[in-house]
Amino acid sequence: MTALAAPRQLTSLAGLEPIGLAEVTLLADLQTRVDRKYLVGADVVDRLAVAVLGGAEVLTIEGRTAFTYESVYFDTPDLQAYRDAAHQRRRRFKVRTRTYVDSGQCVLEVKTRSGRGETVKERTEHDVDARSALDGAARRFAGMVLGADAPVEDLVPTLTTRYRRTTVVDRVAPMRMTVDADLVCESPAGVVALDGLVVVETKSAGRPTPADRWLWAAGHRPVSISKYCVGLAALDPALPANRWTRTLARVR
């Protein structure tokens, strides 16, 4: 993976009141989520913070508010998982290792779609030094989640993403919001970076949050964005990518 510069924190978010990881996790577990994603400039986040996040809190661990994530995605050689997502097939999956770089923790995540269209995520611990590979135990776990007919033996690493995440909680709204900055995607085809752009994701019990309404009023609408799919499509224009046309226009 291409090396990144030293972590930088979004000043507008770093100045919010701190909240600990245990409390953020508890609040997340109690909340039924509706997610909305936006691709905006970092300056938009600064204005959003001033306008509606004055009473919010930012996840803070040992004085830091931005944390580095690295994900390695696994797919079949013909990119079945990507193509299933591109064509919005009901049965689709995503397999990745996620490394929390600052703590050194690594997990294997397998994501599927429920019959009602909800994302279901199963995870298990994974060796951080082997995050770009799936051993027998990892493949068995993926097969247990995906079913006997899943192509788990064919899975190979196809894309690596790296970014810095800041998590904000607004108890009054109520809302959680993540801001992913400095996103870099790398595959054998090359590297693409979202210079100056950040991915904002609001998570609420259903109703639009004050952050959503402010973003809409400022001209920013929710977009369809998958780091894995947009990263691959940006690196290989021959892939089917109509679902992400608006997002790719900005990335490219």
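Student: Which residues does R131 touch, leaving out those up to four places away in sequence?

Tutor: This is a predicted model, so keep that in mind throughout. R131 sits in the loop between β7 (119–125) and α5 (136–146). Leaving out residues up to four places away in sequence, R131 touches E70, V72, F74, T97, T99, C106 and H126.

Student: Is R131 buried, partly exposed or exposed?

Tutor: Buried needs under 20% relative accessible area, and exposed needs over 50%. R131 has a relative accessible area of 27%. That makes R131 partly exposed.

Student: How far apart are the C-alpha atoms of R131 and L21?

Tutor: Along the chain, R131 and L21 are 110 residues apart. In space, their C-alpha atoms are separated by 24 Å.

Student: What about R171: what is its C-alpha to C-alpha distance to L27?

Tutor: R171 is in the loop between β8 (156–170) and β9. Its contacts, not counting residues up to four places away in sequence, are I19, E23, L27 and E57. R171 and L27 are 144 residues apart in sequence, while C-alpha to C-alpha they are apart by 8.7 Å.

Student: And is R171 buried, partly exposed or exposed?

Tutor: Exposed would take over 50% relative accessible area, and buried would take under 20%. R171 has 40%, so the label is partly exposed.

Student: Why does R36 count as buried?

Tutor: R36 lies in strand β2. Leaving out residues up to four places away in sequence, R36 touches V200, E201, T202, S204, G206, R207, P208, D212, W216 and P222. The cut-off for buried is under 20%, and R36 counts as buried because its relative accessibility is 15%.

Student: Now α6. Which of its residues are buried, and how wide an arc do they cover?

Tutor: Helix α6 runs over residues 210–217, and its buried residues are A211, D212, W214 and L215. They lie on the same side of α6, because the arc they cover around the axis is only 165°. As a rule, an α-helix has 3.6 residues a turn, so residues three or four places apart point the same way. For the buried set of α6, then, the arc is 165°.

Student: Which elements cover those buried residues of α6?

Tutor: The cover includes strands and a helix. Among them are β2 (34–41), α3 (42–52), β9 (175–187) and β11 (197–204).

Student: Which residue just after α6 takes a positive phi?

Tutor: Look just past the end of α6. The phi there is about 95°, and the residue is G219.

Student: How many residues of α7 are buried?

Tutor: Helix α7 spans residues 227–235. The buried ones are K227, Y228, C229, V230, G231, L232, A233, A234 and L235. The helix is largely enclosed by the rest of the structure, because the buried count is 9 of the 9.

Student: Zooming out, what is the radius of gyration of the chain?

Tutor: The chain has 8 helices and 11 strands, and its C-alpha trace spans about 50 × 40 × 35 Å along the principal axes. With 252 residues, a compact globule would come out near 18 Å. The chain agrees with that, because its radius of gyration is 18 Å.

Student: What share of the contacts with a separation of 6 or more comes from residues 24 or more positions apart?

Tutor: For background, 50% of the 252 residues count as buried. Among contacts with a separation of 6 or more, residues 24 or more positions apart account for 68%.

Key. Residues numbered from 1 in each chain as written. Predicted model: local features only at pLDDT ≥ 70, side-chain atom pairs only at ≥ 80, totals over all residues. Heavy atoms only, no water. Buried < 20%, exposed > 50% of the residue type's maximum accessible area, 1.4 Å probe, protein only. Helix = DSSP H or I, 4+ residues; strand = E, 2+ residues; numbered from the N terminus. Arc of directions from axis to C-beta. Contact = heavy atoms within 4.5 Å. Rg over C-alpha atoms; globule rule 2.2 N^0.38 Å.
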